[in-house]
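Trainee: I am new to this structure and would like to go through it with you, one question at a time. Could you show it to me before we begin?

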Amino acid sequence: MLIQVCLFFYCKFLWRCLKFVMRKLTGRCELQRICYNTKPGASRTMKIETSLRDSKSKLLQTSVSVHPDAIEKTIDDIMELKKINPDINPQLGISLQACLLQIVGYRNLIADVEKLRRESYDSDNPQHEEMLLKLWKFLKPNTPLESRISKQWCEIGFQGDDPKTDFRGMGLLGLYNLQYFAERDAAAAQQVLSDSLHPKCRSYIFTYLFTHLFSKFSKAEWEKKRMDKAIGYSFAIVGINITDLAYNLLVSGALKTHFYNIAPEAPTLSHFQQTFCYLMHEFHKFWIEEDPMDIMEFNRVREKFRKRIIKQLQNPDMALCPHFAASEGLINM
């Protein structure tokens, strides 16, 4: 233990010495070198974030948690501290500001998501009830809901006749995400719901095409082979479970790579919900590819899917769903 502590302080001392030497050789501080030598996006923002957090300056350490309205003044203070002339280095201020907007925005997004997760579903709250009824309307537009308490809720993947009991784990966050998916990506959400309810019908279409075009098996043989393992799942329950996955990826910092690459400034709740939609799409495809023996394999499949997403996010250039980006290009040039 003592050796590890000594090694830590030794490496830290060496790193500070190296930074001092680089400053003297290049005439630029570490923040300048990062902004000028690293392309915009997660690579740059994460390096800036690490540099600020590890700085011995209290100003730099606290800059990653300032209020968004204070970012411009914080940039001015940093430039003054580092003795950087903003007139000679105008682009540095722009780059630092964009990075700080992403860093501070990510922290604020965690707070917003956490607030929704901690808020319980209240059946006496008209807004909560309205959201729930809209979820049914978006997913089953041609089927009226007979009553608020109804076995019909099982048709969209809830466990019982009152969905409020299923939101206990993720609170309102689960409902917000499900409604967003059902409203903003209605066709895809309805298709995923249909597949989850009727996996054998989906398999039948595949069976028919495969049998007539490629398979050496007879139609009956291939249909039996595929339908024996055509396993569906509860759409709403899985949606709440994927909400939990997205939440943990966010809180752990794993989603920084994705958000810093797609959000030109501060990532918002909409970015998080769009990411949830992507994860629902991808998990649905992954479930079909895994072809589980039964629903009891859900945890195994989910864990394997989680590991695949985390591996993807370890790539600093990764954007899980770039088509959801708020801008064609990042502005922290």
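Trainee: Of the contacts in the protein with a separation of 6 or more, what percentage is accounted for by residues 24 or more positions apart?

Mentor: Bear in mind that this is a predicted model, in which the secondary structure comes to 15 helices and 0 strands. Buried residues make up 44% of the 333 residues in the protein. Among the contacts with a separation of 6 or more, the share that belongs to residues 24 or more positions apart is 66%.

Trainee: Which face-on or edge-on class describes the pair of Phe-283 and Phe-305, edge-to-face or stacked?

Mentor: A pair of aromatic rings is described by the distance of the centres and the angle of the planes. The structure holds 15 aromatic pairs, and in this one the centres of Phe-283 and Phe-305 are 5.4 Å apart while their planes stand at 80°. Planes over 60 degrees apart fall into one class, so the pair of Phe-283 and Phe-305 is edge-to-face.

Trainee: How many residues apart in sequence are the parts that this pair, Phe-283 and Phe-305, ties together?

Mentor: Both Phe-283 and Phe-305 are buried, and they belong to one aromatic cluster that also includes Tyr-233, Phe-286, Trp-287 and Phe-298. Phe-283 lies in helix H14, residues 269-290, whereas Phe-305 lies in helix H15, residues 298-313, so the pair ties together parts whose separation in sequence is 22 residues.

Trainee: Where do the buried residues of helix H7 lie, seen down its axis?

Mentor: Helix H7, residues 126-139, has 14 residues and reaches 20 Å from its first C-alpha to its last, close to the 20 Å expected at 1.5 Å a residue. Its buried residues are His-128, Glu-129, Met-131, Leu-132, Leu-135, Trp-136 and Leu-139, while Pro-126, Gln-127 and Lys-137 are exposed on the other side of H7. Because the buried residues of H7 fall within an arc of 160°, they line one face of the helix.

Trainee: Which helices are included in what covers the buried residues of H7?

Mentor: The residues to be covered include Leu-132 and Trp-136, both of them buried in H7. The cover over the buried residues of H7 includes helix H8 (172-184), helix H9 (186-197) and helix H12 (235-252).

Trainee: How far apart in space are Lys-164 and Leu-132, C-alpha to C-alpha?

Mentor: Lys-164 is found in the loop between H7 and H8, and with a relative accessible area of 33% it is partly exposed. Not counting residues up to four places away in sequence, Lys-164 touches Tyr-121, Ser-123 and Arg-148. Although Lys-164 and Leu-132 are 32 residues apart in sequence, their C-alpha atoms are separated in space by 8.9 Å.

Trainee: How many disulfides does the count come to?

Mentor: A disulfide is a covalent bond between the sulfur atoms of two cysteines, and the cut-off used for such a pair is 2.5 Å. The sulfur of Cys-29 is 8.3 Å from the closest cysteine sulfur, in Cys-35, and is therefore too far for a bond. Likewise, the sulfur of Cys-277 is 8.4 Å from the closest one, in Cys-321, and so is too far for a bond. By this rule the number of disulfides is 0.

Trainee: Is Ser-43 buried or exposed?

Mentor: Ser-43 is found in helix H3, residues 42-54, and leaving aside its neighbours within four places in sequence, Ser-43 is in contact with Thr-38, Pro-316 and Asp-317. Its relative accessibility is 18%, and because the cut-off is under 20%, Ser-43 counts as buried.

Conventions:
Residues are numbered from 1 along each chain as its sequence is written. This is a predicted model: local features need pLDDT of at least 70, side-chain atom pairs count only at pLDDT 80 or more; totals for chains, interfaces and linings use all residues. Side-chain values use heavy atoms; hydrogens and water are left out. Rings of Phe, Tyr and Trp (its six-membered ring) pair if their centres lie within 6.5 Å; planes under 30 degrees apart count as stacked, over 60 as edge-to-face and the rest as tilted. Helices (H or I, at least four residues) and strands (E, at least two) are DSSP runs, numbered from the N terminus. Buried means under 20% relative accessible area, exposed over 50%, partly exposed in between (1.4 Å probe, protein chains only). Contact means heavy atoms within 4.5 Å. The expected span of a helix is 1.5 Å times one less than its number of residues. The arc is that of the directions from the helix axis to the C-beta atoms.
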